[in-house]
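Q: I have a structure open and want to learn how to read it feature by feature. Where do we begin?
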Amino acid sequence: MLSACARVSLPGSLQLPEQLAEDEERSTLAAALRQLAAAGVECQRPYFGLGGTSSFVKRRFLVPDSRAETRDQLLWEARQALEEDYDDFVLDVLQTSRYGFVVAARREVLELYGVLCRQAKIGKPGFDMIPFALVNALEGGGAATDEGSDLIVQLADTQGRVVLMRDGEFEAEAVWEWEDESTLMTADRIDLLRSYVEGLLDTGQGTESADRVWLASAAAQDAGEHLAGLGRSISPLDPFARMSRRTRADEALEQMPGGGPALAVAAGLAFRGLADA
Amino acid sequence: MAMIRVELESERRRLPLYLAISGIAAIVVAVVLYGIDRQVGLLRIVDLQQLRNLYVQDQVDTNQRPGATIREEPSAAAVVVDSPSSVGMTQAAIVTPSPLPVVGTAGTPSSVAVPISWWKSAQRLRQRLSSKITVTRQQNLADGTFQITGRAEAEHHESLRQDVAALRSQGLRPTLTFWREGGEAAVATFIVSGQAGSDAPQRPPLRASMPVDALLQLAQGHARAAGLVRMASTRPTHEQVSAGNTRVEQGMSAVGNPRQIAMFGTALAAESQARLTRFDIAAVERGLFRVTASIDVLLGKENR
């Protein structure tokens with residue numbers, strides 16, 4: 001059940017995670033988190049989505065028939081790649097039926113989120129990668145299937161993100177910064193978005209289209225009409241579609257710009273938190 | 001399809017089993033060393049005269065509270081620490097950390113050396129847990145909370161529960177949590193956490209001003225003196241605690257053997273220019289551990 005839903009607007013945009021280290025910006029975020037708690041969004045463990053410079057996901061190949069060896073291999077590769085920075089990262093591995101992924105997050109950034117939570121007087125933080133949160137939002141919302149390809153499109157003011165799933169499994173992600181400072185989906189932005197989507201979908205045997213395109217933000221929904229041809233169906237990703245809702249949460253959700261799809265990352269993080277509990 | 005669940009938390013960092021086993025063996029050795037150190041000052045045995053003095057001190061209760069005469073300062077004067085050559089470490093050159101420029105009044109008078117021991121709580125309490133479990137990480141915070149993370153085979157879960165119940169009967173309010181990582185792991189991970197009490201100073205030392213890297217240099221100086229290597233640092237964090245007063249906290253981590261880590265902890269705990277706020281140990285390689293410690297000061301105008 002969706003028991004509470006709230007959104008707090010910050011006075012300005014924040015560059016995360018870099019500005020977590022700034023006293024003033026972290027205080028602003030802490031105040032926002034306290035505001036959320038006051039609005040009824042309270043939990044034992046808040047989850048944060050990682051992206052940007054704080055973390056990375058690298059795709060590698062699997063060692064056949066051995067999850068343990070694949071894990072060791074992926075971590076060994078990560079150690080070689082990170083060299084002396086190895087100890088500065090927290091690492092884990094994701095294995096699908098086709099690929100192995102090394103997931104890394106800077107220890108320093110995780111600790112800064114810990115400081116933020118202490119400052120906001122909320123629980124100890126948990127973490128997930130933003131693309132995984134989007135996949136989990138699709139899964140938690142009941143829209144995921146084990147066949148065909150799914151493309152999740154999430155657009156924001158400063159950057160865009162596309163996540164490709166194949167047969168129900170995470171396969172790839174593309175993230176980019178917009179080249180202009182517009183707040184609208186201009187023709188240039190649409191072109192850039194299409195180029196990244198085509199890049200993800202290109203299997204080397206000619207560009208294909210996805211079976212389903214999911215729009216996971218208000219801006220993505222605005223751009224949906226321009227994505228024709230990239231997917232056989234284009235729909236908003238509503239992570240709460242199959243969920244019963246308390247009246248207050250339902251009202252709050254309806255008043256939010258973009259509705260449920262705009263909260264796809266938050267919902268994916270929450271679903272993950274529920275799975276961990 | 002299943003939900004993606006990667007673990008990106010440092011305390012759940014998984015280690016190969018052989019590392020964890022060697023890690024626990026080294027921790028046990030470290031704990032034994034701590035115990036011996038508390039009795040005879042093992043880390044300060046440098047010459048006969050000092051040994052004789054320490055032998056006399058052995059008659060004194062080392063658990064005395066502030067104001068007692070026991071000194072547990074990091075004796076950097078002549079301690080020589082051998083580092084394992086297998087990992088490329090060389091014999092540590094002892095460098096006495098340069099002091100912070102004193103421009104304010106320190107919260108703890110430097111003339112009184114008090115044996116602060118909260119940072120060893122997890123190590124101490126681990127000894128009261130079954131020797132058949134594998135401990136991968138021990139964490140201590142200055143507020144007295146501790147956390148012991150490890151893995152335990154199913155047949156040892158009951159004895160672990162009994163050990164934790166025994167700790168509870170002693171008023172430590174421990175909690176025991178089990179979980180299985182990835183759904184396939186045969187060995188469950190556990191965390192024992194609780195409150196062991198703390199003898200840490202209530203406030204960090206107060207300073208009117210401080211160079212940007214002073215805290216880091218202070219901590220790194222002690223780390224080098226102890227022979228630790230592979231140092232990493234976090235950005236200092238700033239927290240406004242009251243008007244005109246900001247708490248600055250600096251974290252760092254480094255790798256070393258149990259003896260070096262014990263020296264490092266002893267030095268930081270006895271440091272009068274900053275307050276130790278966190279002390280964690282995690283097994284990283286055969287016989288080696290990564291220690292992560294944080295220290296803080298209060299930057300401000302008033303000393304109230």
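Q: This is a predicted model. Which residues does A:Ile152 touch, leaving out those up to four places away in sequence?

A: Start with the general idea. In soluble globular proteins, nonpolar side chains tend to be buried together. Now the case here. A:Ile152 touches A:Leu134, A:Leu138, A:Val162 and A:Val163. A:Trp214, A:Ala216 and A:Leu237 are also on its contact list.

Q: How many residues does the largest nonpolar core have, and which have the most contacts inside it?

A: The largest nonpolar core has 70 residues. A:Val103, A:Leu134, A:Ile152 and A:Val153 have the most contacts inside it. Another core, of 60 residues, lies apart from it. Its members include B:Ala196, B:Ala200, B:Ala270 and B:Ile295.

Q: Now sheets. In what order do the three strands of the open sheet in chain A stand?

A: General idea: strands of a sheet pair through backbone hydrogen bonds, either parallel or antiparallel. In chain A, the order is S2-S4-S3, and the pairing is antiparallel. S2 (55-61) and S3 (89-95) of chain A are the edge strands; each has a single partner, so one side of each is left without a neighbour in the sheet. From one strand to the next, the twist averages 20°.

Q: How many bridges join S3(A) to S4 of chain A?

A: Seven bridges join S3(A) to S4(A), residues 99-106, and the two run antiparallel. For one pair, take A:Leu94: its bridge partner in S4(A) is A:Phe101.

Q: Which strands does helix H2 of chain A lie across?

A: H2(A), residues 67-82, lies across S2, S3 and S4 of chain A. The helix runs at about 145° to S3(A).

Q: Next, backbone geometry. Which peptide bond is cis, with omega near 10°?

A: Keep the baseline in mind: most residues other than glycine have a negative phi, and most peptide bonds are trans. The cis bond runs from A:Leu16 to A:Pro17. A:Pro17 sits in the segment before helix H1 (23-38) of chain A.

Q: What is phi of A:Lys121, and where does this residue lie?

A: Phi of A:Lys121 is near 60°, a positive value in a residue other than glycine. A:Lys121 lies in the loop between helix H3 (107-120) and strand S5 (126-129) of chain A. It counts as exposed because it has 10 C-beta neighbours inside 10 Å, and the cut-off for exposed is 12 or fewer.

Q: What is phi of A:Asp167?

A: Phi of A:Asp167 is near 50°, again a positive value in a residue other than glycine. A:Asp167 is in the loop between strand S7 (159-166) and strand S8 (169-177) of chain A. With 15 other C-beta atoms within 10 Å, A:Asp167 is partly exposed.

Q: Zoom out to whole chains. What is the secondary structure of chain A?

A: Chain A has nine helices and 10 strands. Of its 277 residues, 39% are buried. Among contacts in chain A between residues at least 6 apart in sequence, 64% join residues at least 24 apart.

Q: How many helices and strands are there in chain B?

A: Chain B has six helices and 10 strands. Buried residues make up 42% of its 304 residues. Of the contacts in chain B with a separation of 6 or more, 71% are between residues 24 or more positions apart.

Q: How many residues does each chain bring to the contact between chain A and chain B?

A: Chain B brings 19 residues and chain A brings 32. On the side of chain B that touches chain A, strands S6 (229-233) and S7 (237-242) of chain B each supply at least two residues. S7(B) gives the most, with three residues. That side of chain B divides into six nonpolar, five polar and eight charged residues.

Q: Last, confidence. What is the mean pLDDT of each chain?

A: Chain A has a mean pLDDT of 88, and 98% of its residues reach 70 or more. Within chain A, confidence is lowest in H2(A), at a mean of 84, and highest in H4(A), residues 130-140, at 95. Chain B has a mean of 72, with 67% of its residues at 70 or more. Over residues 43-113 of chain B, pLDDT stays under 50. For that stretch the model has 98 contacts beyond four places in sequence.

Q: What ipTM and pTM does the predictor give the complex?

A: The ipTM is 0.77 and the pTM is 0.52.

How values were computed:
Residues numbered from 1 in each chain as written. Chains lettered and ligands numbered in written order. Predicted model: local features only at pLDDT ≥ 70, side-chain atom pairs only at ≥ 80, totals over all residues. Pairing = 2+ DSSP bridges. Helix = DSSP H or I, 4+ residues; strand = E, 2+ residues; numbered from the N terminus. Axes fitted to C-alpha atoms, helices over the stretch in contact; angles between N-to-C directions. Contact = placed C-beta atoms within 7 Å. pLDDT = per-residue confidence, 0-100. Nonpolar A, V, L, I, M, F, W, Y, C, P; charged D, E, K, R; others polar. Core = buried A, V, L, I, M, F, W, Y, C linked by C-beta atoms within 7 Å. Buried ≥ 20, exposed ≤ 12 C-beta atoms within 10 Å, placed from the backbone.
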